[in-house]
Amino acid sequence: MSQFSFPIAPETPEERSLRRRVRTFLEAERSSGGFQPVADCWVSGVSPAFSSKLGQQGWIGMTWPTRYGGQALPTLHRLVVTEELLVAGAPVAAHWIADRQSGAQILKFGTEAQRQSILPRIAAGKCYICVGMSEPQAGSDLAAVTTKATKTPSGWTLSGRKIWSTVAHISNYMIVLARTSPAEGKNRHVGLSQFLVDLTLPGIEISGIRDIAGHTHFNEVVFDNVQLTEDALLGTEGDGWAQCMGELALERSGPERFLTTFLLLERALAEMPAAFPPAIVGDLIARVTTLRIMSRGIARRLQAGEHPDTEAALVKQLGNAFEKHLFTAVRHILAAYPEAEVPVELLRLRDEVQLRLPSNTLRGGTTEILRGVIARQLGVR
Ligand SMILES: Cc1cc2nc3c(=O)[nH]c(=O)nc-3n(C[C@H](O)[C@H](O)[C@H](O)COP(=O)(O)OP(=O)(O)OC[C@H]3O[C@@H](n4cnc5c(N)ncnc54)[C@H](O)[C@@H]3O)c2cc1C
């Protein structure tokens, strides 16, 4: 077990004060009709107006240097803000991916011109970016991507098809994983590169895919001989696999991997407190408290410049199981009452959570893949 490290990071007075400010802001927004809480808000709650308001508060790109529109604050401060936004069900989907991972990729691998032009717009809540990893035949087996970028005298030509691209339909850019040279025998991790692709370029077609709940939050994106300039290459040619793995660690490590159903518990406890046996509430709170401590440990390590990739996989795996456990517990409690006695809004939320739940264990890496990542660190694989 010593292979895994989750340092304890007690909340500081500054973090507590920030948490109070975020709660006050969210309460004011909610009560003035600024938003209606939604389950799975980091994917389903798109509101450019709300993203701009968060930008004005300085709560996007918080950890980035001030010269790029950030606040140069610790990762743990960002964690406070993201926890509060998720629990409130705030509409944060438009900017979530750009804030969580794409901005960090641009900060690390982008050109100075890209940093100066894109990061301040993300921090203002006005520029959105999506993830272009998965393809129809390359999900868990990501190294199987066939989207291809070929060198031209002035840059690159990009052709291929990405799928399940969350918020691509409202995004300004996609970070695309593409093959730039052939695999070397069985080593398919070589010859892959990342590209920062402006989604307004000719030859790009974006079509929405409807999920089981009837929402269109993800897309298929086709690139047909799209002409990219040289600086579209993000980072180093051939280093795309390693860059992608770093990006995935950011994608998997946040509280959105265990808090997407928490809103349901909060609402149910507020509306029908007498319905909840203390033992069930205690069990749920014990689980989420443990996950929060682990999540804070990961944030602290990220803050120290470390790479807690396996710990992130561990929290996502346990977190997704918790989200399902929470939903099942609340559903069983509500089922003991005639529907007419349960507030309509609570029933709506319960149904929304139920329809969204199956995607949690797929997106960002499936449970089976994450278990394999954990086992590999123990030398079992
Ligand atoms: C809501 C949602 C949003 C998403 N957003 C994005 C996005 O923005 N950008 C993006 O690039 N992708 C996105 N994805 C795609 C997501 O990353 C993939 O769905 C995921 O990686 C699984 O790939 P797949 O769907 O091809 O399933 P498959 O890889 O075909 O897997 C199917 C099943 O087989 C299992 N399996 C596969 N290989 C193994 C193995 N070696 N051992 C054991 N079991 C295995 C899997 O665990 C899974 O249960 C999103 C997915 C969802 C559901």
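A polar contact is a pair of N or O atoms within 3.5 Å; within protein, one atom must be able to donate a hydrogen and the other to accept it, and residues adjacent in sequence count only if both atoms are side-chain atoms. The model is predicted, with local features requiring pLDDT of at least 70 and side-chain atom pairs pLDDT 80 or more, while totals for chains, interfaces and linings use all residues. Residues are numbered from 1 along each chain as its sequence is written, and side-chain values use heavy atoms, leaving out hydrogens and water.

**Exercise 1.** Identify the polar contacts of the ligand with Thr-366, Trp-164 and Met-133, and state how much of the ligand the protein buries.

*Solution.*
1. Thr-366 places a polar side-chain atom 2.6 Å from a ligand oxygen.
2. Trp-164 contributes a backbone N or O atom, 2.8 Å from a ligand nitrogen.
3. At Met-133, a polar backbone atom is 3.0 Å from an oxygen atom of the ligand.
4. The ligand alone exposes 970 Å², of which the protein buries 65% (Shrake-Rupley method, 1.4 Å probe).

**Exercise 2.** Classify the ring pair Trp-156 and Phe-195 and locate both residues in the strands.

*Solution.*
1. Rings of Phe, Tyr and Trp (its six-membered ring) pair if their centres lie within 6.5 Å; planes under 30 degrees apart are stacked, over 60 edge-to-face, the rest tilted. The count is six aromatic pairs.
2. For Trp-156 and Phe-195 the centres are 5.1 Å apart and the planes at 70°, so the pair is edge-to-face.
3. Trp-156 belongs to strand E3 (residues 155-162) and Phe-195 to strand E5 (residues 192-198), so the pair ties together parts 39 residues apart in sequence. Strands are DSSP runs (E, at least two residues), numbered from the N terminus.

Methods: Helix = DSSP H or I, 4+ residues; strand = E, 2+ residues; numbered from the N terminus.
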